[in-house]
Structures are given as C-alpha cells and as structure tokens.
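Got a few minutes to look at a protein together? Here is the one we'll be talking about.

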Amino acid sequence: MAGLYKQLYDIRTALEQHYKNMQDIEFTIQEGKLYMLQCRNGKRTGTAALNMAMDMLEEKLIDEKEAVMRVEPAQLDELLHPIVDPSDEKKHTPVTRGLPAGPGGAVGQVVFTSQDAVDWVAKGKTVVLVREETNPEDVEGMRAASGILTARGGMTSHAALVARGWASAASSAPAS
C-alpha cells in the first residue's frame, strides 16, 4: 500500500502547512481507496508543544510571536516541574504504575510514614512518601517528600490536591 501511504503523507503535509499546526488525522481505507474523515489540531505535552513551536519557527512556518503563543500557560507550568531523565528511567524496572496527579516526577528513598519522611529529609536524604492514602496528619511528611505515592485516591484525592498546591510530584497507584 505504498501508494496510499504516500497519498496520506502528502495530505498530512498539506493539512499541517495549511493549519500551521500538527494534526490528528482520522482516515479509513476501503477497497483500496483512502478516505479522509476529519482532522484537528493535535494535543501535546508542554515539552512537545515547545519542540514543535521551535521546529515550525525554524522551518519558517510561523513567526516568533506565534511560536510563543503556541505554548499554553498550563504547558509552561508543566515545563517548570522536575522530570525523571528518560534515559535513566529506562535503566530501572518500575515497582508499580499509577495515575499522575500532576506534572513532573520524583525519585528518592521510599518511606512509609510521614515522620520517617521528615526524619530522613532532616538527614539530607530525598524521599518519596508511600501511603495507602494520606490525611491531614501527613502534611509535614508530604511537605518533606519529593513525591507522594498512594494506593487509594486518584487525581482528586487529598494527596493529589495538596501536592499540586505545593507543586510536588504525586501519583495514585493501585495497591500491588
């Protein structure tokens, strides 16, 4: 289907040049014929938005003012949070996975109580507080931790709301 691929590639290029933006494209192929269903500006992370704006500026598809306007305020905020180095992340096996409560990432020694978090941070360690769920009594440990991982809760849990307010990394993971 090399011919259909080239046709799709050419249409995508024309759409992105017309809209001056990355496009999410829906299409179908029936009986060897390509049908375009719809397109819309693609969603992207803050890093992707910045990289795409810079690429489009370099390709002279947009000017400097438009490049700045392409990165939304929430995406700028996302860029200011710490992230885990992707090449370093590949060297390790995750113990669990969760839903991010906010942008960013955290690494550190795992602690299971707020008091341990406070104590270890006082000794110069970086910690991630791991709890079944947090409550107001955990506030000092949450403040001390570089990240918070809970087994229960979700994006609107106590830990998630407090962490977003403090710009800490937080995640809610299923118990495993």
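What follows is a chat between a visitor and a guide about this model.

Visitor: Before we trust anything, what is the mean pLDDT of the protein?

Guide: Good place to start, since this is a predicted model. The predictor scores its confidence in each residue from 0 to 100. Here 94% of the residues reach 70 or more, and the mean pLDDT is 86.

Visitor: Which element has the lowest mean pLDDT, and which the highest?

Guide: The protein has 8 helices and 7 strands to choose from. At the low end sits strand 7 (residues 169-172), with a mean of 49. At the high end, with a mean of 97, is helix 6 (residues 114-122).

Visitor: Is the protein compact or spread out?

Guide: Let's check the globule rule, which gives 16 Å for 176 residues. The radius of gyration is 22 Å, well over that value, so the protein is more spread out than a compact globule. Along the principal axes, its C-alpha atoms fill a box of roughly 65 × 40 × 30 Å. So, going by the radius of gyration, the word you want is spread out.

Visitor: In what sense do strand 5 and strand 6 pair?

Guide: Strand 5 covers residues 127-131 and strand 6 covers residues 147-150. Leu129 stands opposite Ile148 in strand 6. The two strands are joined over 4 bridges, and the sense is parallel.

Visitor: What is the handedness of the β-α-β unit that contains these strands?

Guide: Take strand 5, then helix 7 (residues 139-144), then strand 6. Together these three make a β-α-β unit that is right-handed.

Visitor: Which element gives the most to the lining of the second largest pocket?

Guide: This pocket has a volume of about 200 Å³, and its lining includes Tyr9, Arg12, Met52 and Leu61. Two elements give two or more residues each: helix 1 (2-19) and helix 2 (46-58). With 5 residues, the top contributor is helix 1.

Visitor: And how do the lining residues of that pocket divide by class?

Guide: Among them are Thr13 and Gln17, along with Glu16 and Asp55. The full split is 5 nonpolar, 3 polar and 4 charged.

Visitor: How many charged residues are in the lining of the largest cavity?

Guide: A search of the whole structure turns up 1 cavity of 30 Å³ or more, and the largest holds about 30 Å³ of space. Its lining is made of Asn21, Arg44, Ala49, Met52, Ala53, Met56 and Arg70. By class, 4 are nonpolar and 1 is polar, while the charged ones number 2.

Methods. Residues numbered from 1 in each chain as written. Predicted model: local features only at pLDDT ≥ 70, side-chain atom pairs only at ≥ 80, totals over all residues. Heavy atoms only, no water. Pairing = 2+ DSSP bridges. Right-handed = clockwise from strand over helix to strand, strands pointing away. 1 Å grid on protein atoms, 1.4 Å probe; cavity = no way out; pocket = protein on both sides within 12 Å on 5 of 7 lines; lining within 4 Å. Points joined across faces, edges and corners; volume = space filled by probe spheres on them. Nonpolar A, V, L, I, M, F, W, Y, C, P; charged D, E, K, R; others polar. Rg over C-alpha atoms; globule rule 2.2 N^0.38 Å.
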